[in-house]
Amino acid sequence: MMPQKLVLYNYKQSPYSHRALLALEALGATYENINVDIWDKPEWFAKDIYPEGKVPVLAVDGVHVPESLVIVELVDRLSGGNLVPADPIKLAQSRVAIEFFGPIPRLCMQLGTKQITAAEFFEQSETGFERLHELLLEQAENGPYFLGDQYSLADIAIAPLLARYLAFCKFILQGYSPASISKHPRLQQFVDGNLAHPAFQKTYIGDAAYAEYLQMVSAKMAAGPK
């Protein structure tokens, strides 16, 4: 049974906040959504909500719970959902996939800040998506989700990062997409299925809005600290 009141403090451009939104929507939870601008944080947020100043934070009947994956697992348990695999092996494999995929979207920032070359970006992207395909096949021959036909923790954790990676490629790299995606039907199913999920469609800010956000971040970084 859900608590009486859920309040999500999030930043809509953040993929980590998006994870929490996805879980709440996928589980049909009733919640209040408060956007916190991480570039201009209000004083009350660190003072009254979370001293570290990071989002997302979920207030559960007044108790503040940070960290995106902690929130996903908490909401799933509170609602009696099945986003978190009951099988401990499946849960462990899901967490491995989540940890593995994390560095792939960070390639975008590394390329943007010239920590890596374009050639390194493309090579590491292809290697990463090939490995993701292998991890998907370990779970099921067909999708559209990580565990096959069950929408779960791994999908919620990976999809927000995946969408923003693809948006970066679309707008910054003139539509580049890893060849592995179109080459492997299972991987293509995973991408298409997650981006088409109703909860994702309802909560994603959209590629164009994310591209505008990237331009804003680039301008702030170029300007340097105030």
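**Two domains, one sheet and a few odd backbone spots**

Visitor: How many Å separate the centres of domain 1 and domain 2, taken over C-alpha atoms?
Guide: Bear in mind that you're looking at a predicted model. The chain is split into domain 1, covering 6-79, and domain 2, covering 88-218. Taken over C-alpha atoms, the separation between their two centres is 22 Å.

Visitor: And how many residues does the contact take from domain 2?
Guide: Both sides chip in. Domain 1 supplies 18 residues to the contact. From domain 2, the number is 19.

Visitor: What share of the area buried between domain 1 and domain 2 is on carbon and sulfur atoms?
Guide: The two domains bury about 1700 Å² between them. There are charged links too, with a count of 2 salt bridges between domain 1 and domain 2. As for the buried area, the part on carbon and sulfur atoms comes to 70%.

Visitor: Let's get to the sheet. Which are its edge strands?
Guide: The sheet is open, has 4 strands with mixed pairing, and reads β2-β1-β3-β4 in order. An edge strand pairs on one side only, and that fits the strands at 32-35 and 63-66, namely β2 and β4.

Visitor: By what angle are neighbouring strands of this sheet turned against each other on average?
Guide: Direction is ignored for this one. Averaged over neighbouring strands of the sheet, the turn is 20°.

Visitor: Which residue in β4 is the bridge partner of valine 60?
Guide: Start with β3, residues 57-60, which pairs with β4 in the antiparallel sense over 4 bridges. Valine 60 has its bridge partner in β4, and that partner is valine 63.

Visitor: Helix α1 packs on the sheet, but what angle does its direction make with that of β1?
Guide: Helix α1 spans residues 15-26 and touches β1 (6-10), β2 and β3. Another helix, α3 (residues 68-79), lies across β3 and β4 and runs at about 125° to β4. For α1 against β1, the angle is about 150°.

Visitor: Which residue meets lysine 202 in a salt bridge?
Guide: A search of the whole structure turns up 7 salt bridges. In this one, the N to O distance is 3.1 Å, and the side chain meeting lysine 202 is that of glutamate 25. Lysine 202 sits in helix α10 (198-203) and its partner in helix α1, so the bridge ties together parts 177 residues apart in sequence. Lysine 202 counts as exposed, at 59% relative accessibility, and its partner, once more, is glutamate 25.

Visitor: Is aspartate 207 buried or partly exposed?
Guide: Aspartate 207 forms a salt bridge with lysine 170, with the closest N and O atoms 3.6 Å apart. That pair links helix α7 (residues 153-172), home of lysine 170, to helix α11 (residues 207-223), home of aspartate 207. The cut-off for buried is under 20% relative accessible area. Aspartate 207 is at 24%, so it counts as partly exposed.

Visitor: Which residue is linked with Arg131 and Glu138 in a network of salt bridges?
Guide: Arginine 131 and glutamate 138 meet at 3.8 Å, N to O. Glutamate 138 counts as partly exposed at 47% relative accessibility, and arginine 131 does too at 32%. Linked with them in the network is Glu134.

Visitor: What is the relative accessible area of asparagine 194?
Guide: Asparagine 194 belongs to helix α9, residues 185-196. Not counting residues up to four places away in sequence, its contacts include Pro144, Tyr145 and Phe200. Asparagine 194 is buried, and its relative accessible area is 0%.

Visitor: On to the backbone. Which residue does a cis peptide bond join to valine 55?
Guide: There's a cis bond from glycine 143 to proline 144, with omega near 15°, and proline 144 is in the loop between α6 (118-139) and α7. The cis bond at valine 55 has omega of about 5°. Its other residue is found in the loop between α2 (43-49) and β3, and is proline 56.

Visitor: What is the phi of lysine 114, about?
Guide: Lysine 114 is in the loop between α5 (103-112) and α6, and counts as exposed at 74% relative accessibility. Glutamine 174, in the loop between α7 and α8 (179-183), also has a positive phi, near 55°. Lysine 114 is not a glycine, yet its phi is positive, at about 65°.

Terms used
Residues numbered from 1 in each chain as written. Predicted model: local features only at pLDDT ≥ 70, side-chain atom pairs only at ≥ 80, totals over all residues. Heavy atoms only, no water. Pairing = 2+ DSSP bridges. Helix = DSSP H or I, 4+ residues; strand = E, 2+ residues; numbered from the N terminus. Axes fitted to C-alpha atoms, helices over the stretch in contact; angles between N-to-C directions. Contact = heavy atoms within 4.5 Å. Salt bridge = Lys/Arg side-chain N within 4 Å of Asp/Glu carboxyl O. Buried < 20%, exposed > 50% of the residue type's maximum accessible area, 1.4 Å probe, protein only. Domains from an automatic or database assignment. Buried area = accessible area lost by both parts, 1.4 Å probe.
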